[in-house]
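Work through the exercises below with the sequence and the coordinates at hand. Each task is followed by a solution that goes step by step.

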Amino acid sequence: MSEQIDFTIEELDILTEISNIGMGKAGSALAEALGCLVYLNVPEIMLVKSSGLKELSDELIKNLEDINIVRQAFSGDLTGEAIILLGKAAYSIKDLLGYEPSETLNQARQKELLLDMSNSITSACLQGIARQLSLDTSLSPPNMVCFEQPAKMFYRLLFGNNKPNWDQSLLVRVKFHLKNREFWSDMFIFFSQKSLGKIKQSVKSLGES
Amino acid sequence: MPYSVLIVDDSAFSRRMLKKAFPEKWEVDITEATNGNEALVALTSRKFDIMFLDLTMPELDGFGVLEVLKNRQDIHCKIFVVTADIQPKAKQLCKELGASAFLPKPLDKEILQKNLKQHGLL
């Protein structure tokens, strides 16, 4: 078992603020694509053990119905994966992306839209976080895990019947929504155990500066 | 006489970084609040020359504070929004709601100084 890392309350506060800045960049990227104001929630930071992940997943999706899931890995000083949940009607904002409201998009085009949006917000958020920590990371292409599936399938679709192959992860959760539109996005960034030592070192330096 | 300053941000680290960015010889008397509700309590209990206001906060966020203050004729202070939310529409909305300045995080000392001078606070 790898060494478990703990973060102090002050370090978690610093991480929340860093994630806030990353989230701001992601919100700005989404707003630029949609041409409207995107509402941001306070990011949530928590250390997660793999043994508790199923319970956490069930809690996270308990009020959701059908969802779309995009998955995107990243590597470098920061390694892990981002999992983006988008509401069933995410592509209902196609008019904000330049399509006619009456225009019908086939499934392939709908998926492409969701992948593009996910990539845009994940990339902006992660690079914003990496820059604050003075660490590097690069993203793999996004991958559609599921399209309009019941939310209760969330854990099984991501991990199958197995536990993840890590003991501990740092989870950053950021949420976006639009006013008076059905669009919402819930992003979970899991930083791998391998990254935690470097993250802690960077955060410690920031706290001492 | 020192300027009376209210800092509103849920992050202790962020409040500390802001204070570090204040000009060296700027004489200030600082009060801190961790969310919009605490900020409104502070604003109704004494007069402040300037409020530094974060947007993304629990309970009552920065937009909520600005909306309340727009309807309060009895509370006057310069409002500098200091935020990670850098969307142009967020900036526009803050200005419409009465913010004097909109400063992106991480805060640049020189931009802060320039804005303080522009508003006669330095």
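**Exercise 1.** In which loop of chain B is Pro106(B) found? Locate the residue in this predicted model, and then describe the peptide bond that precedes it.

Solution. Begin with the secondary structure of chain B: Pro106(B) sits in the loop between strand S5 (101-104) and helix H5 (109-118). Next, take the torsion of the bond between Lys105(B) and Pro106(B), where omega is about -5 degrees, so that the bond is assigned as cis. As a point of reference, most peptide bonds are trans. Finally, follow the side chain of Lys105(B), which belongs to a network of salt bridges together with Glu17(A), Asp9(B) and Asp54(B).

**Exercise 2.** Determine where Glu148(A) and Glu59(B) lie, and state the sign of phi and the exposure of each.

Solution. For Glu148(A), phi is near 50 degrees, a positive value in a residue that is not glycine. This residue is part of strand S6 (residues 143-150) of chain A, and with a relative accessible area of 23% Glu148(A) is partly exposed. For Glu59(B), phi is likewise positive, near 65 degrees; Glu59(B) is placed in the loop between S3 and helix H3 (62-70) of chain B, and its relative accessibility of 67% makes it exposed. The sign deserves attention because most residues other than glycine have a negative phi.

**Exercise 3.** Examine the salt bridge between Glu81(A) and Arg71(A), and explain which parts of chain A the pair ties together.

Solution. The separation comes first: the two side chains meet at 2.7 Å, N to O. Glu81(A) lies in strand S4 (residues 80-87) and Arg71(A) in strand S3 (residues 66-76), so the pair ties together parts that are 10 residues apart in sequence. The last step is accessibility, where Glu81(A), at 18%, falls under the 20% cut-off and therefore counts as buried.

**Exercise 4.** Analyse the salt bridge of Arg46(B) with Asp29(B) in the same manner, and then turn to Lys62(A) and Glu59(A).

Solution. Arg46(B) and Asp29(B) meet at 3.0 Å, N to O. The pair links distant parts of the chain, 17 residues apart, with Arg46(B) in the loop between helix H2 (36-45) and strand S3 (50-53) of chain B and Asp29(B) in strand S2 (residues 28-33). Both partners are partly exposed, Arg46(B) at 34% relative accessibility and Asp29(B) at 35%. In chain A, the side chains of Lys62(A) and Glu59(A) form a salt bridge at 2.8 Å, N to O; here Lys62(A) is exposed at 53%, while Glu59(A) is partly exposed at 46%. The count over all chains comes to 16 salt bridges.

Note on methods
Residues are numbered from 1 along each chain as its sequence is written. Chains are lettered from A and ligands numbered from 1 in the order in which they are written. This is a predicted model: local features need pLDDT of at least 70, side-chain atom pairs count only at pLDDT 80 or more; totals for chains, interfaces and linings use all residues. Side-chain values use heavy atoms; hydrogens and water are left out. A salt bridge is a side-chain nitrogen of Lys or Arg within 4 Å of a carboxyl oxygen of Asp or Glu. Buried means under 20% relative accessible area, exposed over 50%, partly exposed in between (1.4 Å probe, protein chains only). Helices (H or I, at least four residues) and strands (E, at least two) are DSSP runs, numbered from the N terminus.
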